[in-house]
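These are my notebook entries on one structure. I record below what I looked up, element by element.

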Amino acid sequence: MAEGKPTVMIIGAGLGGLTMAILLERAGVDYHVYEKYKEPRPLGSATGINPNILPLFEQLGLLEKLKAIAKEVASVNVYTADMELIGAIDVRDHEQLSGYLSLIMSRRDLHAFLLSEVPKEKMTLGTKVLSIQQNQHGVMIRTNDGKHHHADILIGSDGAYSAVRQSLYKQMSAQGILPKSDAEPLKVCHMGILGTTERLDPEKFPRAHETYGHSGVVIGDKTRHTWRYFSVPDGRVCWRIDVQLKSTSHDESDAFRLSEWDADSFKLDADDWREFKTDLGGTMGDLIDATPKECISKVMLEEKLFETWYHNRTVLIGDSCHKMLPNAGRGALNAMMDAVVLANTIYEIASATPENITAALKEYFEIRYPHAKSELQGSQRMAKVLAGQTWLDSLTRSIVLGYLPKSIQQKNTENGLRYRPQLTFLPQVEARGTVPALPQMVSKRRLAEQQQQQQQQAAQASAV
């Protein structure tokens, strides 16, 4: 490709890919999104957006629009199967500490919201990546329609079984430079059935219509099941039933079998779960009955942190490089934070030379990897609290929810809220709350442009 500002291809129009597109649009970077499905498939249940990423939406001028499709969350209650309260995860202090309350929303609504912010002419649907090639001149993808597409940078945001990652790792393995751990398969920890109901009867489900998002997690008794539910706007409820599995590895060839299915692809044995209790006013069977068939999906829930996030001109974000269990929406949240940091480093590329591109991708990895590793460890701990079935998990849950000193809880919360990345090429949102954010990146390019503009203004003023 020619030198100058880089051109970018984004593979995957999920939450991370769409966020990446929005940020590159604001950065003035030429990009295009390729999605393998002919129609967007926002399968899933609830997605939580917390103060780690909310400053970004305020910076983009989209915070109020985001709030319009969400409910604020005060706490998450954890129950036994008989609806005895074990404890609660209280997040009401987030606003005082960071200036923002956590939000909960339907994944479908969030996807539609992000999709509306990306120009249609910059997306191509129904295009699946078959292979990638890259050299000192650029990166090329070959797609299922027989076409080839070129750019300076390729971003893989196409999920846990990323076609971009598979092609990249295959090439690296052939060259003998792929870390051994990256060649190991993902491990599936849970199987989940999930969906979002239509508007529920306020008399039967009064809590679904409360102002704040009502959230509940129920730990099955002598069963591997855990079920959870979250109220979202319009009197709807997002729900999920998980079955804890023995840690089982699967290779990349299982991608279609292990990734998301729609309701036509599996038999929903709802009778096994109909009597599962909730504190909403009905059972899980009632929620399943109130959910349109097209809004029910099945997922296999994996976790893994890959060591290789970039090579040459190709870079990975989101589930493609760090797959986390969906506790409190950490997967989507981290994909968005990846996008922020990667957009910042790409913005710094004034000339799309191989050296500048490698430096930008390396900087992105060095900034994000330590935090993603910490997030994965936190997700694993939270999975024990919110879904663990062993006696040790039960003990951990009791300690965390009932006996952990408030001072330790407060310190953990504060540490978690310090990471609030913003874009370097837009005006920064003023920090609020009592917990300061970690130092933000500084754009050398933006500083140079501002200095040049000031010099030009000064020269014009003196000439007058």
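Which residues of α1 are buried? I note first that the model is a predicted one. I then listed the buried residues of α1 as Leu15, Gly16, Gly17, Leu18, Thr19, Met20, Ala21, Ile22, Leu23, Leu24 and Ala27. The helix is thus mostly covered, with 11 of its 13 residues buried.

**Entry: helix α1**

I checked the extent of α1, which covers residues 15-27. From first C-alpha to last, α1 reaches 18 Å, close to the 18 Å expected at 1.5 Å a residue. I also looked just past the end of α1, where Gly28 adopts a positive phi of about 75°.

**Entry: nonpolar cores**

I looked up the largest nonpolar core, which has 111 residues. Leu66, Ile155 and Tyr229 are the members that touch the most others. Helix α10 (residues 330-347) supplies the largest share of this core, 11 residues. I recorded a second, separate core of 7 residues, which includes Val76, Val385, Leu386 and Leu401. As a general point, nonpolar side chains tend to be buried together in soluble globular proteins.

I then examined Ile155, leaving aside its neighbours within four places in sequence. Ile155 is in contact with Val8, Met9, Ile10, Ile11, Met20, Val315, Ile317, Leu342 and Ile346. Of these partners, I note that Met20 is one of the buried residues of α1.

**Entry: a sheet of 3 strands**

I traced an open sheet with the strand order β8-β9-β10 and antiparallel pairing. Its edge strands are β8 (129-135) and β10 (148-151), each of which pairs on one side only. From one strand to the next, the twist averages 20°. Between β8 and β9 (residues 138-143), which run antiparallel, I found 6 bridges. One residue pair I looked up here is Asn135 with its bridge partner in β9, Gly138.

**Entry: Ser106**

Is Ser106 buried or exposed? I placed Ser106 in strand β6 (residues 103-106). Ser106 counts as buried because its relative accessible area is 2%, which is under the 20% cut-off.

I next listed the surroundings of Ser106, again without neighbours within four places in sequence. Ser106 is in contact with Ser45, Thr196, Val232, Arg236 and Cys238. The side chain of Ser106 also reaches the backbone nitrogen of Arg108, at 3.1 Å. Finally, I took the C-alpha separation of Ser106 and Lys71, which is 9.8 Å for residues 35 apart along the chain.

Notes:
Residues numbered from 1 in each chain as written. Predicted model: local features only at pLDDT ≥ 70, side-chain atom pairs only at ≥ 80, totals over all residues. Heavy atoms only, no water. Core = buried A, V, L, I, M, F, W, Y, C linked by side-chain atoms within 4.5 Å. Buried < 20%, exposed > 50% of the residue type's maximum accessible area, 1.4 Å probe, protein only. Helix = DSSP H or I, 4+ residues; strand = E, 2+ residues; numbered from the N terminus. Contact = heavy atoms within 4.5 Å. Pairing = 2+ DSSP bridges. Axes fitted to C-alpha atoms, helices over the stretch in contact; angles between N-to-C directions. Expected span 1.5 Å × (residues − 1). Polar contact = N/O pair within 3.5 Å; in protein donor to acceptor, adjacent residues only side chain to side chain.
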